[in-house]
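Biologist: Could you walk me through this model? I'd like to start with the surface and then move on to pockets and charged pairs.

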Amino acid sequence: MLSDKLLAALNEQITKELHSAYVYLGMAAYLEAQNLPGMAKWMRVQSEEELEHAMKIFDFVLERGATVTLGTVEAVPTEYESPAAAFRAALEHERKITASINALYELAVQENDYPTQVMLQWFIEEQVEEEDNVGRAADMVAKAEGHPPVLLMIDHRLGQREE
Ligand code: FEO
């Protein structure tokens, strides 16, 4: 049985993942408005992945016979200073999520909840990939800043991200 403390933290993480989906959707809206459809698509795919993350924890809580509670998903920006600023913000966001997953794992250890630890191992690995992917994209976009032809080339490349 999930402890109350761990259940609250898992439910909070569901909301954080939903918020992540929302954050990337906001970035997609901004990039679409900047006529950068490739980058916008990259963000849309990222947003969909975040929904999947939320659902993984959602299903896990239900499987454990506990109650899902869904918190408030805060409003997010749909304006950024530049495409590079949007991708920088994405990387900062992922770093925060990594810290949150790590704290959740620590709590699962304290609570001696082995199934939650096993479930979170997937997320720990996923966060390494997330930071790597977002970091690489952010680096490419940062290098293209101020060079429109390069920016369009990077836009095309990021648009090839598969769903
Ligand atoms: Fe669900 Fe991008 O971390």
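Biologist: Which residues form a nonpolar patch on the surface?

Modeller: This is a predicted model, and in it Tyr22, Leu25 and Val73 form a nonpolar patch on the surface, with about 250 Å² of accessible area together.

Biologist: Where is tyrosine 22 found, and is the residue buried, partly exposed or exposed?

Modeller: Tyrosine 22 is found in helix 1, and because its relative accessible area is 38%, between the limits of 20% and 50%, the residue is classed as partly exposed.

Biologist: What about threonine 72, where does that one lie?

Modeller: Threonine 72 lies in the loop between helix 2 and helix 3, and with a relative accessible area of 73% the residue is exposed, because that value is over 50%. The C-alpha atom of threonine 72 is separated by 8.8 Å from that of histidine 19, although the two residues are 53 residues apart along the chain.

Biologist: Okay, zooming out, how many helices and strands are there?

Modeller: The protein has five helices and zero strands, so that, read from the N terminus on, the order of elements is α-α-α-α-α. The C-alpha trace spans about 55 × 25 × 25 Å along its principal axes, and of the 163 residues in the protein, 47% are buried.

Biologist: Now pockets. What volume does the largest pocket have?

Modeller: The volume of the largest pocket is about 290 Å³. There are 14 residues that line the largest pocket, and the closest to its centre are Lys16, His19, Val23, His93 and Lys96. Two elements give two or more residues to this lining, namely helix 1 (4-33) and helix 3 (83-110).

Biologist: And by class, what does the lining of the largest pocket have?

Modeller: The lining of the largest pocket has four nonpolar, five polar and five charged residues. Histidine 19, one of the residues closest to the centre of the largest pocket, is also the residue whose C-alpha atom is 8.8 Å from that of threonine 72.

Biologist: What about the second largest pocket, how much space lies in there, and which residues line the pocket?

Modeller: About 200 Å³ of space lies in the second largest pocket, and the residues that line this pocket are Trp42, Glu49, Asn133, Arg136, Ala137, Met140, Arg157, Leu158 and Arg161. By class, this lining has four nonpolar, one polar and four charged residues.

Biologist: Which helix gives the most to the lining of the second largest pocket?

Modeller: Helix 4 gives the most to that lining, with four residues, while helix 2 (37-63), helix 4 (114-144) and helix 5 (148-158) each supply at least two residues.

Biologist: Arg136 is in that lining, so let me switch to charged pairs: which side chain meets arginine 136 in a salt bridge?

Modeller: The partner is aspartate 132, and the salt bridge has an N to O distance of 3.1 Å. Because aspartate 132 and arginine 136 are four residues apart in helix 4, about one helical turn separates the two. Aspartate 132 counts as partly exposed, at 36% relative accessibility, whereas arginine 136, at 53%, counts as exposed.

Biologist: What about lysine 143 and aspartate 139, where do those two lie?

Modeller: Lysine 143 and aspartate 139 both lie in helix 4, four residues apart, which is about one turn of the helix, and their side chains meet in a salt bridge at 2.8 Å, N to O. Lysine 143 counts as exposed at 58% relative accessibility, and aspartate 139 counts as partly exposed at 39%.

Biologist: How many salt bridges are there in the count?

Modeller: The count comes to six salt bridges. Among them is a pair formed by the side chains of aspartate 113 and arginine 64, at 3.0 Å, N to O.

Biologist: Which parts does the pair of aspartate 113 and arginine 64 tie together?

Modeller: Aspartate 113 lies in the loop between helix 3 and helix 4, and arginine 64 lies in the loop between helix 2 and helix 3, so the pair ties together parts that are 49 residues apart in sequence.

Biologist: Is aspartate 113 buried or exposed, and what about arginine 64?

Modeller: Aspartate 113 counts as buried, because its relative accessibility of 5% is under 20%, whereas arginine 64 is partly exposed, with a relative accessible area of 22%.

Conventions
Residues are numbered from 1 along each chain as its sequence is written. This is a predicted model: local features need pLDDT of at least 70, side-chain atom pairs count only at pLDDT 80 or more; totals for chains, interfaces and linings use all residues. Side-chain values use heavy atoms; hydrogens and water are left out. On a 1 Å grid over the protein atoms alone, a cavity is a set of points where a 1.4 Å probe fits but cannot get out, and a pocket is an open set with protein on both sides within 12 Å along at least five of seven lines; lining residues have an atom within 4 Å of a point. Grid points are joined across faces, edges and corners, and a volume is the space filled by probe spheres set on the points. Ala, Val, Leu, Ile, Met, Phe, Trp, Tyr, Cys and Pro count as nonpolar, Asp, Glu, Lys and Arg as charged, and the others, Gly among them, as polar. Buried means under 20% relative accessible area, exposed over 50%, partly exposed in between (1.4 Å probe, protein chains only). Patches are made of residues with over 30% relative accessible area and no salt bridge: like charges are joined within 9 Å, nonpolar side chains (Val, Leu, Ile, Met, Phe, Trp, Tyr) within 5 Å. Accessible areas come from the Shrake-Rupley method with a 1.4 Å probe; for residues, only the protein chains shown count as cover. A salt bridge is a side-chain nitrogen of Lys or Arg within 4 Å of a carboxyl oxygen of Asp or Glu.
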